[in-house]
Structures are given as structure tokens and as C-alpha cells.
Amino acid sequence: MSTLTVNGLSVRTEEERALVSDVSFTLPAGERLGIIGESGSGKSLTALSVLGLLPTGLRATGSIRLGDTELVGASPRTLNGVRGSGIAAVFQEPLTALDPLMRIGKQLAWPLSHHRGLRGDALKRGIIEALAAVALPDPEKIARSYIHEVSGGQRQRVAIALALACNPDILIADEPTTALDISVQAEILELLDTAVRERGMSLLLISHDLAVVSRMTEHLLVLRGGETIEQGATRTLLTTPAADYTRLLVDTARSLEAYLPEVTAPAPRTENHS
Amino acid sequence: MSEYLLAADDVSFRYPGRGADTLHGITLALRRGERVGLVGESGAGKSTILKLLLGLDSPTAGAVRFRGAPLNLRDRAGLRGFRSAVQNVFQDPYGALDPRASVGRSISEPLRSLGIERDRAALDARVSELLRAVDLPADAADRYPHAFSGGQRQRIAIARALAPGPQLILADEPVSALDMSVRTQIIELLRGLGRADAAVPDDNQTGLLLVSHDLSIVAALCDRVAVLQDGRIVEQGPTARVLADPQHPYTRTLLAAIPRLPRAEE
């Protein structure tokens, strides 16, 4: 398990326009950090920088270290080693991570054989176990299916299974439930929560939805227009935000929530890593 | 049902070539000035109901009634009256506006195509009025959609919907594509719909049928709510009652699934 340390990360276009400016944060092993921001905040570019997957034409500077390994400017070989066993990702649109022409089981076979050395019957069992672990019903049938044959929520479960198959230390989830129905969202968040807890992974959760992030993480980083607005403990930021912008986000979310009948909201996660 | 402005009367709908109905016996009626929310998840049939209420397709069984009379898609004159009374706003403010038309031209389009106003000066005056009603500067009329943010584009789309002085606006997820910080502004605008518009008398607020997956937005805007699941309305009633005391298990599931912020005083 290693700590992810991002220091002075900037992302610029070829014309030297800064899309992310001097962003720093630390994600210690086993902890959970949420990045919250609106469109254009740079939250997804920050995640893609960590994965070494920035779109062509964008360049990251600064430092991103996973344990002792520097990822900014690292060779494709180093990055490939890190992606998968070190860091895995789940995105908003599961189809971006999944091959429409390959049966779901076959897609899972590669990471399982590559990262865990599974072969033959052990590999077959591993595939079924990986699908069962994300609570997919009838994993044998899902393994034989193509991605267009399963529902949106099930696709995201398959994408999560694919990410978990590598046994990563860190899971990056970029708007993992934004494209899903609200009742499915609750299930996927529950699944991510359990998976991260049981495997002792770190979680970097990126979202525009304050309620989602605060349910899942104990620390928050607020980005706007590529710049850091504020960071700190989730509970502190929600109750006593220092920045006007954070207050605007919190007040907006609360004002909409105020129209709903009160429920006993689950307590936010606290700093307890036992 | 003549007291209703627009109503789906026991409407069922089946897409050609499908083995089963998409909508089953939908009854949903809107009085003038009433604000009704239609809540459901993907595949529930929300968009299909909207399509039928907008007169873009005909029900397989049952009828859509406008001021009590079945909507006849072949009656062109009747449809013109219908279109000036019932307007719509879509989810995607980027796709809803013609990128090559100035904002003024987009906003005045319903007035021209419905033959309500042809005089250039009168159109310009009405556009200024509408821009004021949605809190956009008057010079926005001469600019093009690309110069505006998502929230501003949604204001433009709302101004266009208001142009013919409609009695009802059908809004399909009007804030889902917008950032949180502009969402509340658009909700406030929809709350005051038609009130800041000189063409709409004060005592006649514009009605709203709000289609959304988001119960909090429906709660913010609607007097009444209908919950749609798998092509059926499973629960319908005053918003406050349905939210406080949901009768159907599906309504309870939807309510429970909404992620909440931890409370401030804890």
C-alpha cells in the first residue's frame, strides 16, 4: 500500500493555457479523498493526470508520486505497471472502459491472468468470482454476455469488477454514478463503499454532487476553474466552509434538500481507520 | 374533463414493432396554472408521455385532450392554437438552440412560425421583454448561442418557450445538465414563470409540467406529483403529501435513495 502525493500539479494546453493550476493533495494509504467541482473545474483532468491518461495535447507538470515512484514524465512501461496493480479507475460512462465486441468474461480474463497469474480453471473461477463480488446476478451468464446485453447499472458493476480485478491500492472513481438512475446510484455507492473498505484500498472520488462525495469520503478538495478553492475534512467543509465558493455549493445543495422531508441522514465518515 | 387545460385520459402507447405497451392507462390532468411533476427513472416512459402531450405522436388507446377536446394532429389550425398555449423546454440547452441563429431570432421563432407576430419592431420589442423576464441583458439578442454558458442558454430556451405567452410549459429535466450553482437560479426562474412577463396577466401564472428524475426539484416547483414506474403511474397526489407520506413502495425507494448531506447541527 502506498501514499499518493500530488504536488504542484498543473495541466496546460499546447498554447500554455492552464486548465489545472498548482493543485496539491495527499491521499494516504487506505484513506478516502473527494474532489468536488463543477464543469471546467479540472477535477477530471486531475484524475487523468494521476492515471497518465491525459488527452493528446495536454501536458502535466509538477509531481505525482505513488509511494516512491514519480508518475509525471514516467515511461509508458512504468505507467502501465502502475495502472492496474497500483491504481485502477472507474469512469462515469462504463462503455468507455469496456470493449463492445468482447464477451464480458474475456475482458476480465486479461487483468486476472496478468496481475494475479491465474490460468485455466483457476482463471475461469476468478472471472466468476470477480463478477459475483460486484453483486451481479447469475455471473456465469454475465460472463458470456456482451456489454450491450446488460443494463446501465450492471455495466458499471462490470467496470468496477474490471478495476478491482487488478487488486489496485488506489481506486479512482470519476463521477461513477452520474449517468445512473437514483436507485441504482445508491446500490453502486454501497458497492464501492464495501469494496474499498474490505480491500483496504484508498479512494479518490470525483463528483459534482456534494451529497455523494460527503457520504463516501472523509476529506474534500474543492476545485474551481482549475484552482484549489479549499481542502480539509469533509465534515468541516460542509459545516463551516472557509471559502465563499464552497459555501455557495453547500448552500445550494442544502436549499434543494430543504424541499424534501427530513430523514435521518447517515453520519459522514469520520477519521477512523481501524 | 373540460376544466383541464391538458390531460392524458387513460392513455396507453405501444411503439410500432414492440410486443408490449410502453405506457399503460396513464391519466394525468393539468388545470390552468397548475404545476405538476412527473417523476420516474430511465425507461419509465417519461419522454413518451411528453411526446404524446406535445402532440408529436398519438396514443395507441385513450386520448390526449386539450381544453377538453381530443388533440387532432391533422387539424393544422387547431394545432397552431395548441402550440401557442403549450410550449416546451428541454434538458440540453446546447442542442435546443440553432447555433447559426442569433438569440433574438431563436427567441422570436415561435412568434413567427405560429403567425402571432410578423412586424419587425414588435418582434424586437417582445424579444427585449422576454430577455428581461429571464434576467438576460438586452444586447443578448444580437449574439449567438456559443457566447453563452449552459445556464444562460437554458434562460434563452425558457424565453423562447415564453414567447407566445403560453398557458403551460412542458419542461423535460430542465436543470439536470446544469452545474449546481446555476441550478437554483434556473429553478427560481421557473418558479416565477411568466410572472415577470408583461404579456402574462398577474393572476394567470404559467402552468408547468416538470418531468424529472429528481424529487427535490419537483418538490421545489410543483404542487402535485405523479410517480411513474414501468409505464404506469403508481402514485399521484399533492407533492407535500406524497413526499411526507408516500403510499407506494417505489416512491419510498426513490425517496430513500436520494443522497443527503450530513446535517449542519450534528
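This passage describes the contact between chain B and chain A, and then a sheet with its helices in chain A.

The model is predicted, so local features need pLDDT of at least 70 and side-chain atom pairs count only at pLDDT 80 or more, while totals for chains, interfaces and linings use all residues. Residues are numbered from 1 along each chain as its sequence is written, chains are lettered from A and ligands numbered from 1 in the order in which they are written, and side-chain values use heavy atoms, with hydrogens and water left out.

The size of an interface is often given as the accessible area lost when the parts come together. Here, about 3000 Å² is buried between chain B and chain A, with 62% of this area coming from carbon and sulfur atoms (buried area is the accessible area, for a 1.4 Å probe, that two parts lose on being put together, summed over both). In chain B, the residues that lose the most area to chain A are B:Met180, B:Arg260 and B:Leu261, which together account for 27% of what that side buries. Contact, defined as heavy atoms within 4.5 Å, involves 29 residues from chain B and 33 residues from chain A.

Across this interface the rule finds zero salt bridges (a side-chain nitrogen of Lys or Arg within 4 Å of a carboxyl oxygen of Asp or Glu). On the side of chain B that touches chain A, at least two residues each come from α6 (180-191), α7 (215-221), α8 (239-244) and α9 (249-257) of chain B; helices (H or I, at least four residues) and strands (E, at least two) are DSSP runs, numbered from the N terminus. The most is given by α6(B), with seven residues.

Turning to chain A, six strands form an open sheet of mixed pairing in the order β6-β7-β8-β3-β9-β10, where two strands pair if DSSP finds at least two bridges between them. At the edges lie β6 (87-90) and β10 (227-233) of chain A, each pairing on one side only. Strand β7 (residues 170-174) of chain A runs parallel to β6(A) and is joined to it by four bridges; A:Ala89 stands opposite A:Ile172 in β7(A).

Helix α7 (residues 182-199) of chain A lies across β3 (32-36), β7 and β8 (202-207) of chain A, at about 140° to β3(A) (axes are lines fitted to C-alpha atoms, for helices over the stretch in contact, and angles run from 0 to 180 degrees between N-to-C directions). A salt bridge joins the side chains of A:Asp193 and A:Arg197 (3.5 Å, N to O). These two residues are separated by about one helical turn because A:Asp193 and A:Arg197 are four residues apart in helix α7 of chain A.
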